[in-house]
Amino acid sequence: MIARLPNFLQHVRNVERYIFHQLFGQPPKELALAYVQQKQAAPVNKFSLKDLIGDGFLLAVPKFRRTIEKRWKRRFGSPQYVWKMLVPKTTINVCHECGHHYERGRLCGNCYKRVKEETEAIQAKIQEKLGGGKPIEQDVIVLYEGENVTEKPKEFWKGKRIIEMKKERPQFFSKNLLQKSTQQPSNATDVKPTDLA
């Protein structure tokens, strides 16, 4: 009887496996260790931009914006610590032409505005008479009211285009502004530029 006992236990185990396989579709889970040895592939080093750069670009970047109070403290100081007083400018001059104030080392804003408006008027007249888009290969002479062509010899006017402005020449816009500064050397004794205002 004892010799048949292992056969009986084996038969019970087979029936148990069959029943579990029919109910769950798989053999019953038993307490066992399973180990499968796989060949490990060599690690692939992927190139990353973060590895190349790191934190190098973030070192000198501020993380937070300075508040207006801190900006004013840096600019004007603080009465409790260091007070940076507002110093009046001593580099202000008065223009001799128009009487407006301007900073030393700069152009007078009012005079520059008048010259700019006159220059734009001349450019508009040139575009109107000579046409836009075409290259102007000849010299252009601007004549205001009261200026005659006969003041200069005929050789002077040869190959030049004349633009007539229908107003008087402004006092600040002298004739020598339109005279070339680079000319052929000559033996003349008169002082250049000529025809000052």
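**Reading a predicted chain together**

Mentor: Welcome! This is a predicted model, and the secondary structure of its protein chain comes to five helices and four strands.

Trainee: What pattern do they follow along the sequence?

Mentor: Reading along the protein chain, you meet α-α-α-β-β-α-β-α-β.

Trainee: Why is V12 called partly exposed?

Mentor: Good one to start with! V12 has a relative accessible area of 38%. Buried means under 20% and exposed means over 50%, with partly exposed in between. The value of 38% lies in between, so V12 is partly exposed.

Trainee: Where is V12 found?

Mentor: V12 sits in helix α1, which covers residues 5–24. Together with L5, F8 and L9, V12 makes a nonpolar surface patch of about 370 Å².

Trainee: What makes V12 fit for a patch?

Mentor: Patch residues need over 30% relative accessible area. V12 has 38%, so V12 passes that cut-off.

Trainee: And the inside? Which residues form the largest nonpolar core?

Mentor: That core has eight residues: I122, I126, L130, V142, Y144, I163, M165 and F173. Helix α4, residues 109–130, gives the most to this core, with three residues.

Trainee: How do you know that Y144 is joined to other parts of the chain?

Mentor: Look at what Y144 touches beyond four places away in sequence: E118, I122, M165, K167, E168, R169, P170 and F173. Contact means heavy atoms within 4.5 Å, so Y144 has atoms within that distance of each of these residues.

Trainee: How much of the protein chain counts as buried?

Mentor: Of its 197 residues, 11% do.

How values were computed. Residues are numbered from 1 along each chain as its sequence is written. This is a predicted model: local features need pLDDT of at least 70, side-chain atom pairs count only at pLDDT 80 or more; totals for chains, interfaces and linings use all residues. Side-chain values use heavy atoms; hydrogens and water are left out. A nonpolar core is a set of buried Ala, Val, Leu, Ile, Met, Phe, Trp, Tyr and Cys residues joined through side-chain atoms within 4.5 Å. Buried means under 20% relative accessible area, exposed over 50%, partly exposed in between (1.4 Å probe, protein chains only). Helices (H or I, at least four residues) and strands (E, at least two) are DSSP runs, numbered from the N terminus. Patches are made of residues with over 30% relative accessible area and no salt bridge: like charges are joined within 9 Å, nonpolar side chains (Val, Leu, Ile, Met, Phe, Trp, Tyr) within 5 Å. Accessible areas come from the Shrake-Rupley method with a 1.4 Å probe; for residues, only the protein chains shown count as cover. A salt bridge is a side-chain nitrogen of Lys or Arg within 4 Å of a carboxyl oxygen of Asp or Glu.
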